[in-house]
Amino acid sequence: MIRHSEKILPALLTCTLLWASLPFGSVTRGASTLLQVSVFLALVLAVMTPETRPVLRRVAVPAAALFAVAAFGWLQSLPWPEDLVGLLSPGHGELWGSLPAGEASPRLSVAPEVSRRAALSWAAVAAALMAGAVAGRRREARRWLGGAVVVAALFQVVYGAPRWLANADTIWGLAVPGMRHRLRGTFVNPDHLATFLGLALAVVFAWVWWAFLHARTTPEVERRVLLLAPPVLIWLTLFAALAFTGSRAGLAAALLGVTVQSLVLGRRGGRTTGLLLGGGAVAAGVAAVVWIGAREGFGRLLATSAYEITWSARLETYRASFELWRRYWLTGSGLGTFRDAFPQVQPQELPGLWRHAHSDYLELAVTTGLVGPVLLVVGLVFFVRGLPSGLSRRRRSEDRGAVLAAVGALVTAGAHELLDFGLTMPANAVTLAVLAGAALAVSAPRPSSSKSASPRLSRQGSGASSAWGRSEEDFAGGHRAGGEGHHLQ
């Protein structure tokens with residue numbers, strides 16, 4: 001089992017990424033449980049894989065931060081002495097003190113069972129991050145993982161488009177009323193599909209960059225077309241689909257993600273390439289949406305009212321959520337308990353059941369107090385610190401593409417979650433974690449087997465040096481000198 005874990009792990013993660021979004025984003029109890037089992041099994045395989053210590057060290061702090069949030073949620077669900085609960089969180093002390101004596105033990109969560117389930121979800125994301133890092137050590141595995149994300153996103157379009165055009169209110173034969181005038185694929189909420197498509201767009205943009213890099217050094221026109229046509233067409237398809245979800249925040253976040261990816265390319269010596277690809281991708285995407293149907297693609301954005309910008313129900317939700325945070329500012333209401341805690345501050349102007357704060361950052365602060373945001377910031381800082389070495393021009397272009405994809409995915413999802421809650425969908429969170437882990441693996445020291453193989457490959461000349469392995473300097477330097485540029489970096 002240990003000997004074959006290095007092959008089984010990427011296969012398991014690939015299959016997980018392919019199906020995770022299909023059962024309503026894995027938000028149902030059964031699908032969420034199956035997804036958790038899958039990623040925890042992947043973590044076991046990752047730990048069993050030989051020579052993983054350098055990669056696990058690289059991902060240790062970000063994964064530990066996620067596990068710490070999960071552990072804190074579990075602690076919130078446990079019984080605590082009444083005096084300690086009152087000291088740490090007067091809001092919880094008052095809440096549990098209002099119950100009849102002996103009915104329930106005081107806790108730091110308004111819904112302990114919900115916090116335990118949420119803790120398991122956070123732990124699963126941490127496991128996906130570590131498993132993605134171990135699997136992402138190999139270029140072949142990263143191709144499968146990235147390809148799975150793209151294929152899953154395309155399936156969302158193929159499945160959802162006919163139902164959107166037919167104004168159907170069913171998904172997999174089940175009645176799911178509401179928002180059927182927007183493309184939503186297999187997600188109940190179109191905004192959650194927008195989050196998933198934004199992650200896939202980041203991967204495809206990295207693919208477009210890689211294809212452009214290699215196409216410009218390929219003399220045959222046919223090969224250039226074969227290199228560029230697939231990623232460009234997929235980019236246009238997914239961008240148009242994202243526009244048709246009607247998610248204004250999702251569209252803005254995707255544009256920001258492309259912009260940051262372009263700037264990253266510029267800082268790494270490819271300013272012209274970055275600006276050309278970023279601007280061209282956005283322009284082509286907008287043109288495709290206008291050609292297919294501007295009213296359907298940008299109608300919701302253009303119809304945004306002044307009320308929605310200044311005094312919308314969402315801003316009222318933010319104000320009420322801030323009041324809820326003030327009640328539980330240190331320890332939070334309990335991981336995952338926004339729906340249970342929000343009625344305490346819900347104004348009459350906001351009727352109905354509010355499951356989320358429509359801002360993942362605000363919801364994390366409400367449910368975990370100061371603890372969760374601090375842990376998240378620490379994990380993000382160490383994650384970002386590990387990326388620059390993976391973008392070095394001394395590395396293979398495909399390696400840099402994996403990091404570029406993760407940067408775009410992180411920025412896109414991070415910006416979208418300011419105004420939405422797409423990462424509460426297990427499929428979205430796990431997909432982002434796997435992409436991030438694979439990117440961190442690029443900057444980790446290579447296994448000894450790879451190091452020992454490199455000199456032998458270098459001596460084999462052009463046959464061993466495929467376009468997948470050349471760096472940008474290899475192409476530029478080789479052609480300026482009239483040579484083949486076969487040196488492997």
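This is a short tour of the structure, stop by stop, with a selection to make at each one.

**The whole chain**

Begin with everything shown, and keep in mind throughout that this is a predicted model. With the protein chain coloured by secondary structure, you should be able to pick out 19 helices and two strands. Of the 489 residues in the protein chain, 52% are buried, and the chain exposes about 21900 Å², of which carbon and sulfur atoms supply 66%. If you count contacts between residues at least 6 apart in sequence, 76% of them join residues at least 24 apart.

**Helix H2 and Gln36**

Select helix H2, which covers residues 29-48, and within this helix pick Gln36. Is Gln36 buried or exposed? Its relative accessibility is 9%, and because the cut-off for buried is under 20%, Gln36 counts as buried. Now add Leu120, Ser121 and Ala124 to the selection, since Gln36 touches these residues when those up to four places away in sequence are not counted.

**From H7 to the strands**

Move next to helix H7 (139-165) and strand S1 (170-171), and select Asn167, which has its place in the loop between H7 and S1. The phi angle of Asn167 is near 55°, a positive value in a residue other than glycine. At 37% relative accessibility, Asn167 counts as partly exposed.

Then select Trp172, which is found in the loop between S1 and strand S2 (174-175). Trp172 also has a phi near 55°, again a positive value in a residue other than glycine, and with a relative accessible area of 41% this tryptophan is partly exposed.

**An aromatic cluster**

Keep Trp172 selected and add Phe155 and Tyr159, because ring pairs link Phe155, Tyr159 and Trp172 into a cluster. Which residue has its charged end over the ring of Tyr159? Show the side chain of Arg163, whose charged end sits over that ring, 3.7 Å from its centre.

**A cavity beside Arg163**

Leave Arg163 on display and turn to the enclosed spaces, for the structure holds five cavities of 30 Å³ or more. The one to look at here is the second largest cavity, with a volume of about 80 Å³. To see its lining, select Gly160, Arg163, Trp164, Ala168, Thr170, Ile171, Arg180, Arg182, Leu183, Arg184 and Gly185. Helix H7 and strand S1 are the elements that give two or more residues to this lining, and the largest share, three residues, comes from H7.

**Other rings**

A search of the whole structure finds ten aromatic pairs. One of them is formed by Phe187 and Phe196, a tilted pair with 6.1 Å centre to centre and 40° between the planes. Why is this pair called tilted? An angle under 30 degrees would count as stacked and one over 60 as edge-to-face, so the 40° between Phe187 and Phe196 falls among the rest. Both Phe187 and Phe196 are buried.

For the last stop, select Phe382 together with Arg385, and look at the face of the ring: Arg385 lies over the face of Phe382, at 5.2 Å from the ring centre.

Key:
Residues are numbered from 1 along each chain as its sequence is written. This is a predicted model: local features need pLDDT of at least 70, side-chain atom pairs count only at pLDDT 80 or more; totals for chains, interfaces and linings use all residues. Side-chain values use heavy atoms; hydrogens and water are left out. Rings of Phe, Tyr and Trp (its six-membered ring) pair if their centres lie within 6.5 Å; planes under 30 degrees apart count as stacked, over 60 as edge-to-face and the rest as tilted. Buried means under 20% relative accessible area, exposed over 50%, partly exposed in between (1.4 Å probe, protein chains only). A charge sits over a ring if NZ of Lys or CZ of Arg is within 6 Å of the ring centre and within 35 degrees of the ring normal. Helices (H or I, at least four residues) and strands (E, at least two) are DSSP runs, numbered from the N terminus. Contact means heavy atoms within 4.5 Å. Accessible areas come from the Shrake-Rupley method with a 1.4 Å probe; for residues, only the protein chains shown count as cover. On a 1 Å grid over the protein atoms alone, a cavity is a set of points where a 1.4 Å probe fits but cannot get out, and a pocket is an open set with protein on both sides within 12 Å along at least five of seven lines; lining residues have an atom within 4 Å of a point. Grid points are joined across faces, edges and corners, and a volume is the space filled by probe spheres set on the points.
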